[in-house]
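Hi,

Here is the structure I said I'd pass on. Have a look at it first, and my notes on what turned up follow underneath.

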Amino acid sequence: MKSPALIFLGAFLVNNIILMRFLGLCPFFGVSTAVKIATGMGMAVIFVMTLASWITWAIYHAILLPFDLVFLRTATFILTIASLVQLVEMFLKKSYRVLYNALGIYLPLITTNCAILGITFLNIDNKFSLLNGTVFALGTGFGFTLVIITFAAIRERLDLAPINPSLKGYPISFIAASLMALAFLGFSGLFGLT
Amino acid sequence: MSKWRIFTRGLVRDNAVLVLMIGLCPALATSGTVRDGFGMGLAATFVLLFSNLIISLLRKNIPNEVRIPIFILVISTFVTIIDYFMQAFQPDLYRALGVFVPLIVVNCMILGRAEAFASKNSVFDAILDGLGVGLGFTLALTIMGTVREILGNGTFLGIPVFGESFKKSPVIFMVLSPGAFLIIGILKALINKYVRKEIR
């Protein structure tokens with residue numbers, strides 16, 4: 001059994017959700033145009049990912065397993081996450097106006113973010129306990145935020161760089177992401193994590 | 001629009017991965033080898049074809065206010081079918097694709113076609129559109145898988161291409177994650193240069 005600290009580091013750096021697992025690429029390329037926007041998106045992902053890992057863990061262990069309904073996993077989880085995001089949005093709008101102003105516009109985008117659903121599936125596949133699942137979701141969320149903010153900073157510079165017109169926009173962003181992934185490959189093997 | 005154009009539009013001109021840049025997560029994650037890329041493409045095509053078919057059949061009965069949850073339910077039903085089917089009949093492929101098989105449900109390409117095409121058009125057109133978009137996705141994944149497997153592993157479908165000495169020391173980084181980002185960047189740049197006149 002791995003300790004929670006190792007699970008956190010593994011999800012944060014070694015198996016980084018964007019660069020190593022390829023989850024959440026749409027927001028990674030879509031909202032990484034400025035550091036400020038990327039920060040807001042990252043915070044929203046950390047928040048929703050942790051909540052979603054709790055709720056899906058509870059549903060899986062309290063309803064799907066005892067009643068032998070595991071085959072409904074995909075349908076249940078996606079509907080749960082979609083309604084959870086709606087609920088969080090309404091709750092924040094009513095009660096925490098400051099937080100809503102910071103995260104509000106990113107919340108609807110998160111429903112179709114495969115990172116959230118992917119983490120809930122990985123939680124189940126890895127047979128994590130509630131504590132380990134929470135730590136895993138937090139580590140993944142922080143890893144997402146780290147990479148998307150760094151990438152947004154790189155893209156702000158890339159916009160000003162004199163490059164070949166056919167490389168402008170997406171192609172040069174992909175090549176920059178490739179170099180970042182190469183750098184993150186250096187973390188593999190850290191503390192014996194693969 | 002002619003039937004043939006409905007089919008070829010998703011296949012080439014509006015190719016989901018290489019032109020519209022949607023459905024990137026599975027495209028990058030499962031194109032390490034030709035077999036994985038092709039298998040993922042066919043799985044997504046199956047889901048897209050049948051979700052388009054069912055949604056087009058039910059398009060007059062789906063209330064407008066709750067259409068998105070209904071689309072998601074239809075899609076997730078077919079994802080569950082292909083998930084269990086692959087687990088039973090293609091266990092090796094299923095293990096290689098891992099979490100990306102259930103994640104077909106959040107592939108925006110499929111929900112996008114349901115919303116933009118299948119819910120507004122006849123059943124036959126929706127089938128053609130699903131097939132075209134799905135096979136375009138398969139084509140893109142197979143191209144990426146071919147390049148990455150040949151360079152990164154020295155093989156095509158497991159058969160050595162450049163002889164044994166290359167296979168012993170290939171460009172390993174192509175099958176790892178940096179290679180996926182690099183190859184789609186280069187493909188997109190080539191498309192910008194030679195195919196599309198208007199450049200962003």
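I'll start with a pair of helices, one from each chain: α9(A) goes past α10(B) in a left-handed crossing. Keep in mind that all of this comes from a predicted model.

The helices in question are α9, residues 170-185 of chain A, and α10, residues 177-194 of chain B; their axes sit 8 Å apart and make an angle of about 170°. With an angle over 145, α9(A) therefore counts as roughly antiparallel to α10(B). If you want to click through the contact, the chain A side has Y170(A), P171(A), F174(A), I175(A), A177(A), S178(A), A181(A), L182(A) and L185(A). Facing them from α10(B) are S177(B), P178(B), F181(B), L182(B), I184(B), G185(B), K188(B), A189(B) and N192(B). Sorted by class, that helix-helix contact comes to 13 nonpolar, four polar and one charged residues.

Zooming out to the whole contact between the chains, 32 residues come from chain A and 33 residues from chain B. On the chain B side, α3 (24-29), α5 (67-89) and α10 each put in at least two residues. Which of the helices gives the most there? That would be α10(B), with 10 residues. The side of chain B that touches chain A breaks down into 23 nonpolar, six polar and four charged residues.

There is also a helix pair inside chain A that I'd pull up. Helix α3 (residues 35-64) and helix α8 (residues 130-158), both of chain A, cross at roughly 165°, and their axes come within 8 Å. That angle is over 145 as well, so α3(A) and α8(A) are roughly antiparallel to each other. Here the crossing is right-handed, whereas α9(A) and α10(B) cross in the left-handed sense. The contact of α3(A) with α8(A) is made of 18 nonpolar, nine polar and one charged residues.

Now the chains one by one. Chain A has nine helices and zero strands, so there is nothing but α to read off from its N terminus on: α-α-α-α-α-α-α-α-α. Its C-alpha atoms fill a box of roughly 60 × 45 × 30 Å along the principal axes. The radius of gyration of chain A is 18 Å, which agrees with the value near 16 Å for a compact globule of 194 residues.

Chain B comes to 10 helices and two strands. From the N terminus on, the order is α-α-α-α-α-α-α-α-β-β-α-α. For chain B the C-alpha box is roughly 60 × 45 × 25 Å, again along the principal axes. With 200 residues, a compact globule would be near 16 Å in radius of gyration, and the 18 Å of chain B agrees with that.

Last, the confidence numbers. The model as a whole scores ipTM 0.84 and pTM 0.87. Chain A has a mean pLDDT of 86, with 97% of its residues at 70 or more. Within chain A, confidence is lowest in helix α6 (residues 107-110), at a mean of 73, and highest in α8(A), at 92. Chain B averages 88, and 98% of the residues score at least 70. Its lowest confidence is in helix α9 (residues 164-168) of chain B, at a mean of 78, and its highest is in helix α4 (residues 34-57) of chain B, at 94.

Cheers

Note on methods:
Residues are numbered from 1 along each chain as its sequence is written. Chains are lettered from A and ligands numbered from 1 in the order in which they are written. This is a predicted model: local features need pLDDT of at least 70, side-chain atom pairs count only at pLDDT 80 or more; totals for chains, interfaces and linings use all residues. Axes are lines fitted to C-alpha atoms, for helices over the stretch in contact, and angles run from 0 to 180 degrees between N-to-C directions. Helices (H or I, at least four residues) and strands (E, at least two) are DSSP runs, numbered from the N terminus. Angles under 35 degrees count as roughly parallel, over 145 as roughly antiparallel, 65 to 115 as roughly perpendicular and the rest as oblique. A crossing is left-handed if the near helix is turned anticlockwise from the far one by less than a right angle, and right-handed if clockwise. Two residues are in contact if their C-beta atoms, placed from the backbone, lie within 7 Å. Ala, Val, Leu, Ile, Met, Phe, Trp, Tyr, Cys and Pro count as nonpolar, Asp, Glu, Lys and Arg as charged, and the others, Gly among them, as polar. pLDDT is the predictor's confidence in each residue, from 0 to 100. The radius of gyration is taken over C-alpha atoms; the globule rule is 2.2 Å times the number of residues to the power 0.38.
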